Amino acid sequence: MANTALIVERRFESKFQSEGTGSAVHVYDGNGDEVLTYTAGVGWHEKESKAETQVHGALKAAYYDAFRAARQEINDGAVEMQGGFDARA
């Protein structure tokens with residue numbers, strides 16, 4: 001059983017699963033990625049789409065690159081003490 005819905009100008013498809021260990025509703029985005037699931041035991045469970053995973057990966061990489069660069073400056077002694085606080089400790 002499949003349904004489609006237009007939510008905020010985006011197309012989603014839902015499927016009801018009744019076989020197996022229990023029933024569930026699965027919601028897929030326009031790319032076919034499962035983004036939401038409902039089961040009686042857990043309730044709604046949100047999942048990242050592939051596009052969201054790519055954005056989060058890029059943000060994490062940018063953060064860790066900046067962190068590593070700042071840490072390297074501290075370890076090289078390029079950061080001076082301010083107000084008596086030793087950032088190298």
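Tyr63, Tyr64 and Phe67 together make a nonpolar surface patch of about 350 Å². The structure you are looking at is a predicted model. One member of the patch, Tyr64, sits in helix H1, which spans residues 50-75. Tyr64 has a relative accessibility of 43% and therefore counts as partly exposed, because that class lies between the 20% limit for buried and the 50% limit for exposed.

Now let's turn to the strands. E3 and E4 run antiparallel and are joined by 5 bridges. If you want to find one such pairing, look for His26, whose bridge partner in E4 is Thr37. E4 also runs antiparallel to strand E5 (residues 43-46). Here Leu36 stands opposite Glu46 in E5. The two hairpins can be set side by side:

| Hairpin | Bridges | Residues between the strands |
|---|---|---|
| E3 and E4 | 5 bridges | 5 residues |
| E4 and E5 | 4 bridges | 3 residues |

In the hairpin of E3 and E4, Gly32 takes a positive phi near 90°.

Asp29 belongs to the loop between strand E3 (24-28) and strand E4 (34-39). Is Asp29 buried or exposed? Its relative accessible area is 8%, so Asp29 is buried, as the cut-off for buried is under 20%. The side chain of Asp29 also reaches the backbone nitrogen of Asn31, at 2.9 Å. Which residues does Asp29 touch, leaving aside those up to four places away in sequence? They are Arg11, Phe12, Val35 and Ser49.

Conventions:
Residues numbered from 1 in each chain as written. Predicted model: local features only at pLDDT ≥ 70, side-chain atom pairs only at ≥ 80, totals over all residues. Heavy atoms only, no water. Helix = DSSP H or I, 4+ residues; strand = E, 2+ residues; numbered from the N terminus. Buried < 20%, exposed > 50% of the residue type's maximum accessible area, 1.4 Å probe, protein only. Polar contact = N/O pair within 3.5 Å; in protein donor to acceptor, adjacent residues only side chain to side chain. Contact = heavy atoms within 4.5 Å. Patch = residues over 30% accessible without salt bridge, like charges linked within 9 Å, V, L, I, M, F, W, Y side chains within 5 Å. Areas by Shrake-Rupley, 256 points an atom, 1.4 Å probe, with all protein chains shown as cover. Salt bridge = Lys/Arg side-chain N within 4 Å of Asp/Glu carboxyl O. Pairing = 2+ DSSP bridges.
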